[in-house]
Amino acid sequence: MHHENVVATIGNTPLIKLSNITQGIIPAQVYAKVEAFNPGQSAKDRVARYMIEQAEIKGILKPGGTVIEATSGNTGYSLAMVSALKGYRCVLTVTSKAGQEKLSLLRSLGAEVVICPADVEPEDPRSYYSRAEQLEKDIPNSVYLRQNWNKNNQLAHYHSTGPEIWEQTEGKITHYICCAGTGGTLSGTAQYLKEMNPDIKIVGVDAYGSVLKKYWETGVFDKNEIYSYKVEGLGKTIIPDNVDFDVIDDFIKVTDRNSALRARALARKEGLMVGYSSGSAMDAVFKLRHQLKPSDVVVVLFPDHGSRYLGKIFNDEWMKQQGFLSPQGEDVNPYSYHHMKRVYRVYRRKYGRYIRKTLLLE
Ligand code: PMP
């Protein structure tokens, strides 16, 4: 048995039971959908393949054409991989937040990388969205795939991740916990699962500094929610069409610190070397634990591989610089001194000096 090419190996990632990290704390069976098993080591392989195939079918991408995308890195890597195989030129705009490892990965597959400032408005001509739009105008026979708005992003998951999880749990899944960035993974998978069983609880994971949860709660796009944070791929400063807010039952915000410590714990306790936002998703499971019971079957999706963060969360020096590692070691305690200092700084910036102490509690 062989695969026709690398793209044919995308999907059918394993569902892996977590035991050590959850033992005695989470009163439910917890399974991880580990997307690092894709050939490009992230869930974005599914999206890249599907968006490119659909563009080919529609005739907007022709042989010798150019694929353009604004990406935090993983979509770029997957698009570069599929483009390399199919002979397309691949031009990617990324924000300066993406680590050096990610940029080298993109270039290794022959992609051209355009680095744009991270902390500018999406409408700003320097933003990675605006640059991608301009490139589409400048390069003939090119297509900007627009993963935030392109519904083929969520359809990729509707047709693959959703059915896989349903089959792998034999329909027993009760909770699905998934990061929201473009919203593709969360929405597409959740739509399929809800169709199979409307009682399945869909829990989105968002970052402090992102606008998504507030929008889901109030329908208001609140610019005051925005500040810079470290987790890559998680959260947004725009409202992407690919977040299906109706399908979400609960939205949980997580901090940079807890996400980092949870990802490190997954590596050390489960032998699962997964990325920064996987730590975010894991932290959301911990936050949800009071709502869970032993018969619940929880599936948490881990978007990518930890090797992309060797210079960050898996580097003790970086962790110390951020104040995420304390002299006491790797204790995920939201009320630690370092964490309180960080949260306090953020709230003081937002609400002035006279903040109530209770605001500090997550
Ligand atoms: N985590 C990582 C590491 C990612 O690259 C992404 C994609 N931007 C996400 C989470 C969020 O996935 P989605 O875009 O499907 O919401």
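## Salt bridges, buried helices and loop residues

Lys-33, Glu-35, Arg-46 and Glu-164 are joined to one another in a network of salt bridges. The model in which this network appears is a predicted one, and it holds 21 salt bridges. As a general background, side chains of opposite charge can pair when their charged atoms come close.

### Salt bridges

Within the network, Arg-46 pairs with Glu-164, and the closest N and O atoms of the two are 2.9 Å apart. This pair links distant parts of the chain, since Arg-46 belongs to helix H1 and Glu-164 to helix H6, 118 residues apart. Are Arg-46 and Glu-164 buried or exposed? Both Arg-46 and Glu-164 are buried.

Two further pairs can be set beside this one, and the table lists the separations of the N and O atoms.

| Positive residue | Negative residue | N to O distance |
|---|---|---|
| Arg-46 | Glu-164 | 2.9 Å |
| Arg-146 | Glu-136 | 3.3 Å |
| Lys-194 | Asp-249 | 2.8 Å |

The side chains of Glu-136 and Arg-146 meet in a salt bridge. Glu-136 lies in helix H4 (residues 128-138) and Arg-146 in the loop between strand S6 (142-144) and H5, so this salt bridge ties together parts that are 10 residues apart in sequence. Glu-136 counts as partly exposed because its relative accessibility is 24%, and Arg-146 counts as partly exposed because its relative accessibility is 27%.

The side chains of Lys-194 and Asp-249 also meet in a salt bridge. Here again the pair links distant parts of the chain, with Lys-194 in helix H7 and Asp-249 in the loop between helix H8 (212-218) and strand S9 (250-254), 55 residues apart. Asp-249 has a relative accessible area of 34%, and it is therefore partly exposed.

### Two covered helices

Helix H5, which spans residues 152-159, is mostly covered, with 6 of its 8 residues buried. The buried residues of H5 are Asn-152, Asn-153, Gln-154, Ala-156, His-157 and Tyr-158. Which helices do the buried residues of H5 pack against? They pack against helix H1 (44-58), helix H6 (161-168) and helix H7 (184-196).

Helix H6 is likewise mostly covered, and 6 of its 8 residues are buried. These buried residues are Thr-161, Gly-162, Pro-163, Glu-164, Ile-165 and Trp-166, and Glu-164 is the partner of Arg-46 in the salt bridge described above. The cover over the buried residues of H6 includes helices H1, H5 and H7, together with strand S2 (29-34), strand S7 (175-179) and strand S10 (297-302).

### Residues in loops

Just after H6 comes Glu-170, a residue in the loop between H6 and S7. Glu-170 has a positive phi of about 50° although it is not a glycine. With a relative accessibility of 63%, Glu-170 counts as exposed, because exposed means over 50% relative accessible area. Arg-146, the partner of Glu-136 in a salt bridge, also has a positive phi of about 50° without being a glycine.

Two other loop residues are buried. Gly-65 is placed in the loop between H1 and S3, and Gly-65 counts as buried because its relative accessibility is 0%. Leaving aside residues up to four places away in sequence, Gly-65 touches Tyr-88, Arg-89 and Asn-141. From Gly-65 to Ala-132, which are 67 residues apart in sequence, the distance in space is 15 Å, C-alpha to C-alpha.

Thr-71 lies in the loop between strand S3 (66-70) and helix H2 (74-86), and Thr-71 counts as buried because its relative accessibility is 0%. When residues up to four places away in sequence are not counted, Thr-71 touches Gly-76, Leu-92, Thr-93, Val-94, Thr-95, Tyr-128 and Gln-147. The C-alpha atoms of Thr-71 and Thr-218 are separated by 27 Å, and these two residues are 147 residues apart along the chain.

### A charged patch on the surface

Which residues gather in a patch of positive charge on the surface? The patch is formed by Lys-341, Arg-345, Arg-348 and Arg-349. Arg-348 is found in helix H12, which covers residues 337-351, and Arg-348 is partly exposed, because its relative accessible area is 39%.

Note on methods:
Residues numbered from 1 in each chain as written. Predicted model: local features only at pLDDT ≥ 70, side-chain atom pairs only at ≥ 80, totals over all residues. Heavy atoms only, no water. Patch = residues over 30% accessible without salt bridge, like charges linked within 9 Å, V, L, I, M, F, W, Y side chains within 5 Å. Areas by Shrake-Rupley, 256 points an atom, 1.4 Å probe, with all protein chains shown as cover. Salt bridge = Lys/Arg side-chain N within 4 Å of Asp/Glu carboxyl O. Lys, Arg positive; Asp, Glu negative; His and termini not counted. Charge placed at Lys NZ, Arg CZ, Asp CG, Glu CD. Helix = DSSP H or I, 4+ residues; strand = E, 2+ residues; numbered from the N terminus. Buried < 20%, exposed > 50% of the residue type's maximum accessible area, 1.4 Å probe, protein only. Contact = heavy atoms within 4.5 Å.
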